[in-house]
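Here are my notes for a colleague who is meeting this structure for the first time. Please keep the sequence and the view open while reading the points.

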Amino acid sequence: MKKRFWAAITAAAMTAVSVAGCGGGSSTAGGAGNTPAAEVPTEPFGDTIKYDPSVAINDGKDITVELWEWGSDELFQQVIDGYTAIHPNVTFKLVNNPWEDYWTKLPLALDGANGPALFNVHNSYHENLINYMAPLDIPTADLETDFTGVEAHVIDDKVYYIDYGMMTGSVYYNKEMWQAAGLTDADIPKTWDEMIEVAKKLTIKEGDQIVQAGLNFNDDFHQNYLLGLNYQLGENLFLEDGKTPNVTSDSMKKVMQMLVDMYQVEGIGSQDFGEKGSDSFGQGQSAMVIQWGHYYNTLNTTWSDIDFGVFEIPTFDGNPYAYNRYNGESTFGINKNAPADQQAVAQDFVKYFLANDDAQIAFCLAMSVFPAKKSLADNEQVLENPSLQVLAEHIDRYIWPGPMPSTMETSLKKAGEDIFFNGVDIDTALNEAQQNIIKDMASSSFESVENLYKYAE
């Protein structure tokens, strides 16, 4: 979910809307970056968090602010251009670092005197960054009024970043294969039992050999199944202390057994058919996969010849405690070690970003994430994206466990691989994963926020 979807962002960003702003009367001015002139707002805009473009920044004196990111210059430049059109005295130095280098270079830069005032955040690196971050100069109550999930980001009554969008898993299916199997929209499964029956109809074999998998979860079963379907069965990923993993739970064993049975009993796929389910679907070899929202952009850019549809992930009984987990795409971080005048611009820029609906929509569409801004939940542009539209009805039934340490993914991936490829039994594999996670998290400050879920029991 981290770097994989960024390859598709540039193309998506090129079609995103202008983010100069919105509001009352306007004048016209060109922003930085040699982009076309856009309407510049002159009246305050936003919901509870409002941005007033009439307020001068840095007393109107010229100032340069550095912003680090790892993804798409075009997307970030849109927001910068909108902001600098309002405040032409502000110049941004946009620095793009490859994902592989970003998380090494950024902490080193923030630890010095010349680090960027603003930087892109991913919550998987929360522990590496939080000690360098300044809290947002926006009342927490205002953030909570406008955005979903803010309470999970409160640390000692302060908020350092929030989610602007939420990404989770949905089912992507090949429409041509669906039609060839005699399936219609009425056959879209709501439960896992129905999902298996549909997958059987979509599976094609020559003798004992699969030539078309009905469902393929190779390489990402840990992300899209083991770290989410437990919620459907009413169990969290962590115990009540918020620190101890719960991967040996009955629900985890049930999910793992279901995956084994899908391949070894129902025969709707195989661990030996397609190294990666996502690639196998894109190459026209598998009829269904469960992928996170980034996959929508990947299909439209890398495998644009695939005619695909999307539907919400099935459940066990149709009335789940939660459908799955989600992860948030984060707002910018502010460097607490930056000079005071640069921090003031950074704080103002973040407020501009949060208040600006056009900017929120542009980022959410480019990243294919459901808006965390509550007023955009029924936005027409957002709902035109099928991977977001299928989430709209139940978006409050997805859980964020917090910025989980990567050992949760890597340990469960190893457990599944041991089961499928090395003949290890489920109990043994999950017990080993549990112990590995406990050992790896011994020095971690992570604490689950599952208890903040709206429907927590």
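The numbered points below go through two sheets, the aromatic rings, and two individual residues.

1. The model is predicted, and every remark that follows should be read as a remark on that prediction.

2. A good place to begin is the open sheet of four strands, whose order is β6-β5-β7-β18 and whose pairing is mixed. At the edges stand β6 and β18 (333-334), and because each has a single partner strand, one side of each is left without a neighbour in the sheet. Strand β5, residues 63-69, is mostly covered, with five of its seven residues buried.

3. The pairings within this sheet can be followed strand by strand. β5 runs parallel to strand β6 (residues 90-96), and seven bridges join them, with Leu 67 standing opposite Leu 94 of β6. The path of the chain from β5 to β6 leads through helix α2 (residues 73-86), a β-α-β crossover that is right-handed. β5 also pairs with strand β7 (residues 118-119), in the parallel sense and over two bridges, and here the bridge partner of Leu 67 is Leu 118. Between β7 and β18 the sense is antiparallel, again with two bridges, and Leu 118 has Ile 334 of β18 as its bridge partner.

4. Which helices pack on this sheet? Helix α2 does so by touching β5 and β6, and its direction makes about 170 degrees with that of β6. Helix α13, residues 340-355, touches β5, β6, β7 and β18, its direction making about 60 degrees with that of β5.

5. The next sheet to examine is an open one of three strands, in the order β14-β11-β15, and its pairing is antiparallel. Its edge strands are β14 (288-292) and β15 (308-311), each of which pairs on one side only, and the twist from one strand to the next averages 35 degrees. Four bridges hold the antiparallel pairing of β15 with strand β11, residues 169-174, and within that pairing Val 171 has Phe 311 of β15 as its bridge partner.

6. Helix α7 (residues 192-202) packs on this three-stranded sheet, where it touches β11, β14 and β15, and its direction makes about 125 degrees with that of β14. Helix α12 (residues 294-301) lies across β11, β14 and β15 as well, running at about 120 degrees to β14. This helix α12 is mostly covered, since six of its eight residues are buried, among them His 294, Tyr 295 and Asn 297.

7. The aromatic residues deserve a separate look, as the count comes to 42 aromatic pairs. One of these joins Trp 178 and Phe 311 in a tilted arrangement, 6.2 Å centre to centre and with 55 degrees between the planes. Trp 178 belongs to helix α6 (residues 175-180) and Phe 311 to strand β15, so this pair ties together parts that lie 133 residues apart in sequence. Trp 178 counts as buried because its relative accessibility is 4%, and Phe 311 counts as buried because its value is 3%.

8. How are the rings of Tyr 321 and Tyr 453 arranged? Their centres are 5.2 Å apart and their planes stand at 85 degrees, so the pair is edge-to-face. Since Tyr 321 lies in the loop between β15 and β16 (324-325) and Tyr 453 in the segment after α18 (426-440), the pair ties together parts that are 132 residues apart in sequence. Both Tyr 321 and Tyr 453 are buried.

9. There is also an aromatic cluster, whose members include Phe 45, Phe 76, Tyr 83, Phe 92 and Phe 349.

10. Two single residues complete these notes. Ser 249 lies in the loop between α9 (229-232) and α10 (250-264), and counts as buried because its relative accessibility is 5%. Its side chain reaches the backbone oxygen of Asn 246 at 3.2 Å, while a polar atom of that side chain lies 3.2 Å from the backbone nitrogen of Met 252. Asp 418, for its part, is placed in helix α17, residues 407-422, and counts as buried because its relative accessibility is 12%. Leaving aside residues up to four places away in sequence, Asp 418 touches Gly 423, Val 424 and Glu 432.

Notes. Residues numbered from 1 in each chain as written. Predicted model: local features only at pLDDT ≥ 70, side-chain atom pairs only at ≥ 80, totals over all residues. Heavy atoms only, no water. Buried < 20%, exposed > 50% of the residue type's maximum accessible area, 1.4 Å probe, protein only. Polar contact = N/O pair within 3.5 Å; in protein donor to acceptor, adjacent residues only side chain to side chain. Pairing = 2+ DSSP bridges. Axes fitted to C-alpha atoms, helices over the stretch in contact; angles between N-to-C directions. Contact = heavy atoms within 4.5 Å. Right-handed = clockwise from strand over helix to strand, strands pointing away. Phe/Tyr/Trp six-rings, centres within 6.5 Å; stacked < 30°, edge-to-face > 60°.
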